Structures are given as C-alpha cells and as structure tokens.
Amino acid sequence: MMQKTPPHHLKSSLNTIPQGVRRVHLIAVCGTGMGALALMLKEIGLEVSGSDNGIYPPMSDLLADNGITLLEGYKAEHLGDADLVVVGNAIRKDNPEALALGERGLPYCSFPEAVAGFFGRGKRTVVVAGTHGKTTTSSMMAWVLNHAGKDPSFMIGGVLQNFSRNCKVGQGEFLVVEGDEYDTAFFDKGPKFMHYDPEVTILTSVEFDHADIYDDLGDVMGSFQRFMGRHRPEAAVVAGPGSNVARVTAEAPCEVLTYGFKGESLWRPEILKDTAPATCFRLFHKGELYGEYALPMPGGHNVENAVAVIAACHRLGLDRHVVADALASFKGVRRRQEIRGEEGGILVVDDFAHHPTAVASTLAAVRSFYPDRRLVAIFEPRTNSSMRDVFQAAYATAFDAADLVCVRTPPQPEKVPEGERFSSDALVKALGASGKDAHLFPDAGGIVDFCRANARKGDLLMVMSNGGFEGIHGRLLAMLEARHAEGKKGGGVA
C-alpha cells in the first residue's frame with residue numbers, strides 16, 4: 001500500500017492557522033521546544049494533547065501538572081478530534097500519526113509556524129539567529145524587555161534563570177524568539193527562522209555547523225542570506241562581527257546595524273574589567289560614549305551578546321539606563337557557564353559548548369573570569385556535527401585555554417557513517433603532541449574516577465556537552481562531597 005503523507009501543509013502560519021481552533025495535538029511533545037509550545041497553547045486556553053516515545057520526567061511531570069494529556073507512543077487514534085496538529089521536526093513521514101494526517105486531511109503545521117501563528121500576530125517580533133550565542137542573547141533580550149515593564153512573550157531554547165522557564169505568554173507587544181537554522185519538519189526542510197517576521201533580527205555569527213543537514217559553509221550561508229532577504233524594508237538587522245556575517249547581510253533590504261570589538265562597527269565595546277563577579281565594559285555608538293555596563297557573565301563573546309541586545313533595544317526605543325540595570329541583574333541561562341556547585345574548593349561548571357569555536361570562547365572566558373584556578377576541560381562530542389570528523393583538526397586548538405583536558409568517546413558512534421566519524425583518541429593524541437595534558441575516557445564514570453584521584457582544591461571543572469553526559473555534573477559533586485568529607489590528603493582536597 002502506498003504511504004500517504006499530509007497534503008495540506010500550512011504554507012504561512014501568520015495567515016493560515018485555522019479559525020476556531022479549540023484542540024491542538026503535538027507529535028513529539030516532550031522535546032524542549034515542543035513541550036514549551038504545549039504549555040503556551042494551554043496558557044491561552046486551548047485543549048492540548050501530545051504524543052511521544054520518550055515520556056519521562058521532568059518534562060512529562062511538567063506537562064501533566066499543567067493539564068496536558070500525554071499519550072505514549074505514536075498511534076493514529078492519538079489525533080482524536082484535533083483541530084490542528086503540530087508536527088515536531090523529529091518526526092519522519094512514515095510516522096503512524098503523520099500518515100493518519102494524510103488519510104484524514106487534518107490541518108497541520110510545524111513548530112515555528114505554530115509559534116509565529118499563535119503568538120506572533122500583531123507582535124513586534126525580535127528574532128535572534130546565528131551559529132553561536134543565540135540562546136544567551138535571546139534570553140538577555142527577553143529579560144531586558146521584561147525588566148523594562150514590557151511583559152514580552154518569548155520562546156527560547158534554554159531555561160532563563162531569571163524566569164526558571166524557557167517560554168512565556170506575555171501581555172505586552174513584544175515576542176522574542178530564538179531563530180534556529182536547523183530544518184523545520186519532514187515536509188519543510190528549510191530552516192525554522194524562515195517562518196518569523198521580525199521587526200529586529202540579531203545575527204550573532206555565521207559558521208559551518210549541522211553537518212548532518214548542510215553540505216558546507218556556503219550552504220549554511222545561503223540559508224541565512226535567504227532569511228535576510230525576507231526582512232521588510234522598515235525592519236533592522238543587528239549584525240555581529242566576522243566576514244561571513246558581513247557577506248550574509250550585504251544585500252539585506254533593511255537597515256543593518258553592526259557591532260563588535262574590531263573594525264568600524266557602529267556599536268563598539270571596550271572591556272574595563274573581566275574577572276568575577278562581573279565583566280565591566282563601556283560602549284561606544286558612532287564613536288561617542290553611549291554608556292558603561294556590568295555584566296555578571298564572563299568573556300568577550302558575552303559582552304558582544306550584550307552589545308547586540310543594547311543595539312536592538314536602542315532601535316526599539318528603550319531607555320538606555322533601564323537596559324543597563326537589566327543587564328546587571330541578568331542571571332544567565334541554564335547550561336551556559338552555569339555554576340552547578342562547589343565542593344572542597346572545587347567548582348563544577350556546565351556549558352552547552354560543542355562546536356570548536358564555542359569550546360574555545362567558553363574556555364577563554366572562564367580562564368579570564370577565574371585566573372587563579374586550574375581549568376579542567378571535560379568534553380563530550382555528542383552532536384551530529386561534533387561526532388563527525390569535519391571539525392577534527394579545529395578541536396585540536398579549541399582547548400588552548402585549558403590546563404587539563406578529559407575527552408569522552410562519542411556516544412552512539414553508529415549514528416555516523418564509519419568513514420566520517422570523529423575520533424576522540426586522535427584529538428587526545430593531537431593535544432598531547434602540542435604539550436597539553438589530555439586523557440581519553442570511554443564514559444562519564446571514568447572521568448569521575450579520574451577527577452577523584454587528580455582534582456585538587458582550587459580547580460574549576462568545566463563540563464561541555466549538549467546532552468546529559470550521563471549525569472556527570474551531579475556525580476562529580478557527589479564524589480567531591482564524599483571525598484571532602486573523608487578528609488583525604490595528598491593530591492586531593494582535604
């Protein structure tokens with residue numbers, strides 16, 4: 001029997017979300033973004049259900065506690081009497097519920113179409129896009145607008161510490177959304193950011209990433225150029241540093257506002273102090289001093305993220321002093337240089353860094369913020385790109401700021417064709433050849449055991465992965481607590 005796929009793809013959610021929607025069903029509801037969308041739809045009064053193969057805490061508890069019906073697995077009958085079905089990008093066209101959409105002719109859309117269609121209509125939308133920094137920058141933007149009394153709606157790929165959540169249905173005029181360059185759905189292989197209509201876009205950076213869906217840097221740049229090309233003339237793009245960003249924005253049909261430490265940027269910061277508890281900097285606009293700021297985060301890359309937000313807020317008409325106050329009270333994003341705890345004088349920090357550029361900038365930032373600590377980098381190559389050999393050489397210089405490097409072998413290497421796989425062993429050998437103290441481990445347990453024997457008071461353990469890393473953060477802290485309680489001496493922490 002020929003497989004059927006849905007024939008009614010909603011081409012533009014800004015205009016085509018069906019009228020009178022009462023019940024929405026989400027396929028693959030337990031993902032971070034889809035779960036947040038489910039909560040937002042429930043908050044505006046809709047009846048919401050969702051299905052997934054992996055229904056487990058904490059997402060399952062959060063959804064269930066908010067009255068969202070959870071259905072285990074994928075079955076045609078799960079669609080019920082839905083007026084609209086939102087299809088997550090993890091779903092393939094042969095999924096039983098996707099096939100049922102075609103058979104029943106139900107209206108359906110993708111995740112970004114639902115966000116734009118339900119929460120973007122009539123809003124002043126701020127989109128934050130780029131290879132690096134978009135989660136932190138969009139979180140800063142949402143917090144600044146909230147601090148300014150604008151009560152924004154937002155949908156972001158990380159949990160904002162100021163809100164303890166990654167989404168909000170606000171009553172104000174603004175929507176802040178993280179614009180992802182990853183593909184939208186099985187029926188729409190274009191990037192998610194193509195579904196938003198921004199008044200202001202912040203473009204932080206453009207590099208090669210997502211090697212599983214993009215062929216090369218040119219392919220990535222083509223997606224960003226298409227996104228730039230759909231901006232309205234009255235919109236603005238706040239454009240970060242780098243030649244790739246300049247090339248991508250060169251023919252944008254709207255105003256382009258540049259920022260960065262180098263060159264002739266319209267917005268240019270100068271760092272005054274870069275040690276804990278805050279990075280202090282002053283900012284020049286068109287060569288004139290615009291203001292001075294204290295950001296409770298490390299690193300020049302976070303200063304640039306803050307400058308992008310300041311420039312966007314200036315374009316949107318916010319008071320510069322209110323913006324400065326908001327940035328000073330920004331608590332950051334979970335898994336972005338997040339301090340997970342300290343035991344026996346050893347600090348455990350978590351970060352999402354996986355791309356070599358992000359690894360290098362994160363380690364350099366932490367090094368400057370904590371100059372007196374020995375920096376131990378603990379790295380898990382886990383993403384579709386980092387498990388491929390495309391960045392094999394680049395990783396060899398990404399750990400320059402670290403004193404000691406622990407590298408895990410890639411989990412589930414079978415996801416990548418054998419001839420294209422990243423080699424943790426080769427990375428450790430390359431680091432060793434350059435004089436770096438580097439070690440290879442098959443799993444998180446081996447790293448915890450190594451740290452039990454070798455970590456010492458004053459160390460900073462910098463864990464970098466886009467996944468749970470086998471619960472390594474909690475395991476490290478528990479081990480350090482036990483070791484400290486035992487009062488062991490000699491090479492360890494008393």
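**Figure 1. Pairing of β4 with β5 in the predicted model.** Strand β4, comprising residues 84-87, runs parallel to β5 and is joined to it by three bridges. One residue of this pairing is Val87, whose bridge partner in β5 is Ser110. Helix α4, spanning residues 96-104, packs on the sheet and touches β1, β2, β4 and β5. The direction of helix α4 makes about 135° with that of β1.

**Figure 2. The open five-stranded sheet.** The strands pair in parallel and follow the order β3-β2-β1-β4-β5. At the edges stand β3 (69-72) and β5 (108-110), each of which pairs on one side only. From one strand to the next, the twist averages 20°.

**Figure 3. Helix α2 across the sheet strands.** Residues 32-43 form helix α2, which lies across β1 (23-27), β2 (47-52) and β4. Relative to β1, helix α2 runs at about 175°.

**Figure 4. Surroundings of Ser265 in the loop between β14 and β15.** The loop holding Ser265 connects β14 (255-258) with β15 (267-273). Ser265 counts as buried because its relative accessibility is 17%, and the cut-off for a buried residue is under 20%. The side chain of Ser265 reaches the backbone oxygen of Lys262 at 3.1 Å. When residues up to four places away in sequence are not counted, Ser265 touches Thr258, Tyr259 and Gly260.

Methods
Residues numbered from 1 in each chain as written. Predicted model: local features only at pLDDT ≥ 70, side-chain atom pairs only at ≥ 80, totals over all residues. Heavy atoms only, no water. Helix = DSSP H or I, 4+ residues; strand = E, 2+ residues; numbered from the N terminus. Buried < 20%, exposed > 50% of the residue type's maximum accessible area, 1.4 Å probe, protein only. Polar contact = N/O pair within 3.5 Å; in protein donor to acceptor, adjacent residues only side chain to side chain. Contact = heavy atoms within 4.5 Å. Pairing = 2+ DSSP bridges. Axes fitted to C-alpha atoms, helices over the stretch in contact; angles between N-to-C directions.
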